[in-house]
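Colleague: Got a minute to walk me through this one? I'd like to start with a residue that caught my eye.

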Amino acid sequence: MEAKVSQSLQLSTWIDSEKIVRNPSGPLLFLRRCKGQQRLHMLVSCNLQSRKAATWRRPIALKVSCSSKNIPASLLESESFPETFDEATILKNKSEEIEPYLSAQCIYIVGMMGSGKTTIGRILSEALGYSFFDSDKLIELAVGGTTVTEIFNLYGESFFRDNETEVLHKLSSMHRLVVSTGGGAVIRPINWKYMQKGISVWLDVPLEALAQRIAAVGTGSRPLLHHKSGDAYAKAFKCLSTLLEERGEAYANANARVSLENIAAKLGYKDNLANGKYNRKKG
Ligand SMILES: Nc1ncnc2c1ncn2[C@@H]1O[C@H](COP(=O)(O)OP(=O)(O)OP(=O)(O)O)[C@@H](O)[C@H]1O
Ligand SMILES: O=C(O)C1=C[C@@H](O)[C@@H](O)[C@H](O)C1
């Protein structure tokens with residue numbers, strides 16, 4: 001079943017200053033010093049507005065179309081862009097602009113199940129000319145093509161976690177990768193030791209939206225959500241809240257946090273999470 005989604009890709013985030021360019025030009029990275037913080041506040045924005053073009057200064061939402069069948073998401077033309085605006089080209093240009101400052105460090109995307117790590121990770125890797133890896137898929141390969149669900153059922157979670165750590169260990173010696181990590185990769189401190197070789201980005205998405213996305217595709221491939229009874233949304237919501245309570249602090253170890261809620265608020269969207277969509281405020 002194909003799931004069409006629409007999301008702003010503007011990312012408002014914190015990034016450790018030592019991890020990334022101090023003065024990049026262009027809208028992919030906006031620098032802003034914040035009082036009392038030894039960090040730079042950067043607006044990482046995929047809308048890539050030009051600083052020179054006044055008409056582009058306001059945030060512009062991009063639409064992302066993706067499918068539940070692992071088909072790479074494609075960027076579609078935004079309603080708010082000038083008609084001639086080719087955001088794919090601009091995304092590419094801006095990525096090329098910042099890419100040297102990343103010093104070939106890997107980017108690790110962390111976040112709860114359904115937060116969009118794979119969807120965003122593919123787009124990011126393509127834009128940066130990096131390779132993309134999904135750590136769950138690498139674990140499946142390492143265990144002879146067994147699915148994550150089968151690994152949990154046959155060998156248990158701790159076996160899965162050991163393999164996850166081993167995969168992250170191997171990746172940590174590599175460069176120019178965007179890695180979509182498993183939702184639980186953050187719980188083991190040793191995994192952070194590996195991920196800290198690169199830049200980690202936490203996709204922080206409200207529980208309601210996560211549960212809605214997961215309910216839309218089912219919990220079959222997500223063993224930690226699969227065993228509870230009830231309707232798909234309620235089941236996903238309940239399990240995800242427990243997991244988030246346990247893991248919230250661990251996700252916060254990431255170098256950067258991308259909060260969908262904050263982004264929606266900044267863009268003037270009122271979150272209407274009951275249906276998983278963000279609606280623009282009227283008036
Ligand atoms: N911004 C979005 N809005 C709505 N749905 C989305 C969005 N991003 C991703 N999705 C949908 O949510 C589901 C999960 O997305 P994705 O696989 O990218 O997340 P993930 O963080 O990699 O999940 P997991 O850790 O469980 O593998 C997919 O069905 C995808 O189509
Ligand atoms: O949140 C989690 O613990 C998990 C998320 C998935 O990506 C898989 O890594 C696995 O299903 C466990």
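Modeller: Sure. Let's take Arg-247: its relative accessible area is 3%, so it counts as buried, the cut-off being under 20%. Keep in mind that this is a predicted model.

Colleague: Which helix is Arg-247 found in?

Modeller: Arg-247 belongs to helix α9.

Colleague: And what is Arg-247 in contact with, leaving aside its neighbours within four places in sequence?

Modeller: Met-112, Arg-161, Gly-183, Gly-184, Ile-187 and Leu-224. Met-112 is 135 residues away from Arg-247 along the chain, yet their C-alpha atoms are separated by 8.9 Å.

Colleague: What about contacts over the whole protein, how much is between residues 24 or more positions apart?

Modeller: Counting contacts with a separation of 6 or more, such pairs account for 65%.

Colleague: Back to α9. How far apart are its end C-alpha atoms?

Modeller: Only 25 Å. The helix covers residues 232-251, which is 20 residues, and a straight helix would reach 28 Å at 1.5 Å a residue.

Colleague: Where does α9 bend?

Modeller: At Glu-245, by about 45°.

Colleague: How does α2 do on that end-to-end check?

Modeller: Helix α2, residues 117-128, agrees with expectation: its 12 residues should span 16 Å, and its end C-alpha atoms are 16 Å apart. Right after α2 comes Gly-129, with a positive phi near 75°.

Colleague: Which residues of α2 are buried?

Modeller: Lys-117, Ile-120, Gly-121, Ile-123, Ser-125, Ala-127 and Leu-128.

Colleague: Same thing for α9, which residues are buried there?

Modeller: Lys-235, Ala-236, Cys-239, Leu-240, Ser-241, Leu-243, Arg-247, Ala-250 and Tyr-251. When you look at a list like that, remember that an α-helix has 3.6 residues a turn, so residues three or four places apart point the same way.

Colleague: Anything at the start of α9?

Modeller: Yes, a side-chain oxygen of Asp-231 comes within 3.1 Å of the backbone nitrogen of Tyr-233.

Colleague: OK, new topic. What surrounds ligand 2?

Modeller: Met-113, Asp-136, Val-148, Phe-160, Arg-161, Gly-182, Gly-183, Gly-184, Pro-223, Leu-224 and Arg-247. Two helices, α5 and α8 (223-226), each supply at least two residues of that shell.

Colleague: Which polar atoms sit by the oxygen atoms of ligand 2?

Modeller: The side chain of Asp-136 has an N or O atom 2.6 Å from an oxygen atom of ligand 2. For Arg-161, a polar side-chain atom lies 2.7 Å from a ligand 2 oxygen. Gly-184 uses its backbone, with an N or O atom 3.4 Å from an oxygen atom of the ligand.

Colleague: And how much of ligand 2 does the protein bury?

Modeller: 95% of the 310 Å² that ligand 2 exposes when taken alone.

Colleague: Tell me about Arg-161, then. Is it buried or exposed?

Modeller: Buried, with a relative accessible area of 6%. Arg-161 sits in helix α5, residues 157-171.

Colleague: What does Arg-161 touch, not counting residues up to four places away in sequence?

Modeller: Phe-152, Gly-184, Ala-185, Ile-187, Arg-188, Leu-224 and Arg-247. So we're back at Arg-247, which also lines ligand 2.

Colleague: Last one, the big picture. How many helices and strands are there?

Modeller: 10 helices and 12 strands. The protein has 283 residues, 49% of them buried, and exposes about 14100 Å², with carbon and sulfur atoms supplying 52% of that.

Notes. Residues numbered from 1 in each chain as written. Chains lettered and ligands numbered in written order. Predicted model: local features only at pLDDT ≥ 70, side-chain atom pairs only at ≥ 80, totals over all residues. Heavy atoms only, no water. Helix = DSSP H or I, 4+ residues; strand = E, 2+ residues; numbered from the N terminus. Buried < 20%, exposed > 50% of the residue type's maximum accessible area, 1.4 Å probe, protein only. Contact = heavy atoms within 4.5 Å. Areas by Shrake-Rupley, 256 points an atom, 1.4 Å probe, with all protein chains shown as cover. Expected span 1.5 Å × (residues − 1). Bend = angle between axes of the 7 residues up to and from the residue. Polar contact = N/O pair within 3.5 Å; in protein donor to acceptor, adjacent residues only side chain to side chain. Near = heavy atom within 4 Å.
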